[in-house]
Amino acid sequence: MTSDESHGQSTEAGESTATGVRQSTQVAIIGAGPAGLLLGHILGQAGIDYRILEARDKDYVLGRIRAGVLEQDSVDLLGKYGLDADLKTNGLTHHGIYLQHEGERHHIDFAELTGRTVTVYGQQALVHHLVAEHERLGSQLIFEATDVQPTKIESAQIDGERASVAYTAPNGERITLDCDYIIGADGYHGVCRRTFPEGTLEVAERVYDFAWLGILADVAPSTDDLIYALHRDGFAMHSMRSTTVSRLYLQVSPDDDIANWSDERIWEALQTRLGTEGWTLTEGPITEKSILPMRSFVVSTLNYGRLYLVGDAGHIVPPTGAKGLNSAIADVALLAEALQAHYAGDDTGLEQYSDKALDRQWKVQHFSQWMTDMLHVHPADGSAEQSAFDFQRQLGQIRYVTSSHAAQVSLAEQYAGLPFVDAR
Ligand code: APR
Ligand code: PHB
């Protein structure tokens with residue numbers, strides 16, 4: 001089946017029972033973030049039936065502003081499945097990043113160091129495109145599917161039994177959807193992770209004592225590549241969404257209130273933290289501002305029975321390494337291949353999915369925390385001396401990275417992206 005044919009055609013008519021309507025598909029995907037939407041497209045192109053169940057309405061899903069950098073493997077994957085039409089037009093290829101400290105700015109050239117590049121492309125634009133393509137194909141993408149409840153997930157151990165997902169459709173009808181597999185693409189707050197039987201899933205987690213204040217501004221970016229800056233007042237970053245829209249971030253306290261940050265105060269802090277001699281940060285109207293908490297989080301397994309987790313449902317990184325969206329795409333690439341192999345008679349990929357995805361994810365966790373630690377001011381937890389020590393240590397670290405070829409190759413290799421894992 002090609003991407004031009006309609007897909008995701010699970011049985012709609014179904015059979016009415018006393019408790020509602022019973023329907024069937026091959027793969028039930030819970031969540032229409034980038035992970036769920038992309039998985040649906042890949043399965044559909046392989047001729048595998050699916051239905052995507054999303055709790056929120058379409059406007060909410062399309063309106064969420066998230067990450068903005070795609071690794072080369074993510075770009076290649078979207079291209080492979082013909083999902084890069086908008087990306088090709090609006091994505092901005094970047095050859096590196098700037099690392100800045102104490103007003104000194106150094107370029108790390110990924111293309112020169114590793115032969116790889118990254119693409120600046122908002123997650124919001126990707127979600128828009130994936131939803132539009134689902135609509136064009138007439139996919140089974142159900143918004144406002146409430147009270148979604150996975151059941152019989154353990155049935156992988158019971159011969160012939162299938163799993164099912166119960167949900168309430170937007171028209172109020174309670175539907176039981178029988179399926180071979182349930183995919184939890186429902187993000188950090190989703191229901192799927194909580195469905196694992198007690199004792200089968202553990203969580204490793206770190207919460208940071210700082211957050212990011214992010215803005216979108218209608219002004220051309222003042223930089224060619226992204227700038228990551230450590231300043232005594234805290235981290236700052238200059239990213240972008242297009243040639244006319246800038247995305248900028250400031251380190252703030254996690255319990256700060258956005259109401260404390262007037263546009264004027266935001267620009268002033270950005271000017272101070274990003275300022276270098278001979279460079280101008282051009283200001284413009286701020287169209288969106290919010291405070292984003294930061295955490296590192298990984299589950300001990302992404303699989304129980306017929307239920308598999310992908311993306312934020314299974315792991316979260318702090319945004320400093322731009323790895324959240326790419327990790328979700330890497331999971332999807334691996335699981336989509338494993339599901340295709342299953343329907344061709346080989347279950348090795350499904351059996352190995354969790355181990356392989358988590359092996360890659362822990363390397364990504366290390367990188368994300370390393371970048372985060374290097375670039376943020378660590379608030380004194382009772383000791384000003386410790387905080388002063390950390391700041392000098394971090395300056396030493398940045399000076400090392402910006403002067404060592406080996407350290408730059410390592411940063412570039414990880415930022416441009418560790419290879420996606422093969423399912424076999
Ligand atoms: N039932 C149905 N849908 C649900 C439920 C539920 N019980 N709970 C959550 N969802 C939906 C959410 O409304 C959301 O649309 O699941 C979707 C999960 O999407 P994301 O949070 O975007 O997660 P994911 O697709 O894994 O994408 C990861 O998002 O947070 C960023 O940095 C992260 O870029 C990364 C990306
Ligand atoms: C973004 O553009 O939103 C962005 C870019 C790089 C990051 C985090 C966020 O590390």
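Which atom of Ala 55 is 3.1 Å from a nitrogen atom of ligand 1? In this predicted model, the partner of that nitrogen is a polar backbone atom of Ala 55.

Two side chains also place polar atoms by the ligand. Gln 123 does so with a polar side-chain atom, 2.4 Å from an oxygen atom of ligand 1. For Asp 312, an N or O atom of the side chain is 2.5 Å from an oxygen atom of ligand 1. The table lists these contacts.

| Residue | Atom of the residue | Atom of ligand 1 | Distance |
|---|---|---|---|
| Ala 55 | polar backbone atom | nitrogen | 3.1 Å |
| Gln 123 | polar side-chain atom | oxygen | 2.4 Å |
| Asp 312 | side-chain N or O atom | oxygen | 2.5 Å |

Ligand 1 on its own would expose 720 Å², and 86% of that area is buried by the protein. Two elements supply two or more residues each to the surrounding shell: helix H1 (34-45) and helix H9 (324-343). H9 gives the largest share, 3 residues.

The shell holds 24 residues, and those that come nearest to ligand 1 are Glu 54, Arg 64, Arg 66, Gln 123 and Asp 312. By class, the shell is made up of 11 nonpolar, 7 polar and 6 charged residues.

A separate site is Val 245, found in the loop that joins strand E18 (236-240) to strand E19 (246-252). Val 245 counts as buried because its relative accessibility is 19%, below the 20% limit. Its C-alpha atom is 5.5 Å from that of Ala 220, although the two residues are 25 apart along the chain. Beyond its neighbours within four places in sequence, Val 245 contacts Leu 216, Ala 217, Asp 218, Val 219, Pro 221 and Met 240.

Terms used: Residues numbered from 1 in each chain as written. Chains lettered and ligands numbered in written order. Predicted model: local features only at pLDDT ≥ 70, side-chain atom pairs only at ≥ 80, totals over all residues. Heavy atoms only, no water. Near = heavy atom within 4 Å. Polar contact = N/O pair within 3.5 Å; in protein donor to acceptor, adjacent residues only side chain to side chain. Areas by Shrake-Rupley, 256 points an atom, 1.4 Å probe, with all protein chains shown as cover. Helix = DSSP H or I, 4+ residues; strand = E, 2+ residues; numbered from the N terminus. Nonpolar A, V, L, I, M, F, W, Y, C, P; charged D, E, K, R; others polar. Buried < 20%, exposed > 50% of the residue type's maximum accessible area, 1.4 Å probe, protein only. Contact = heavy atoms within 4.5 Å.
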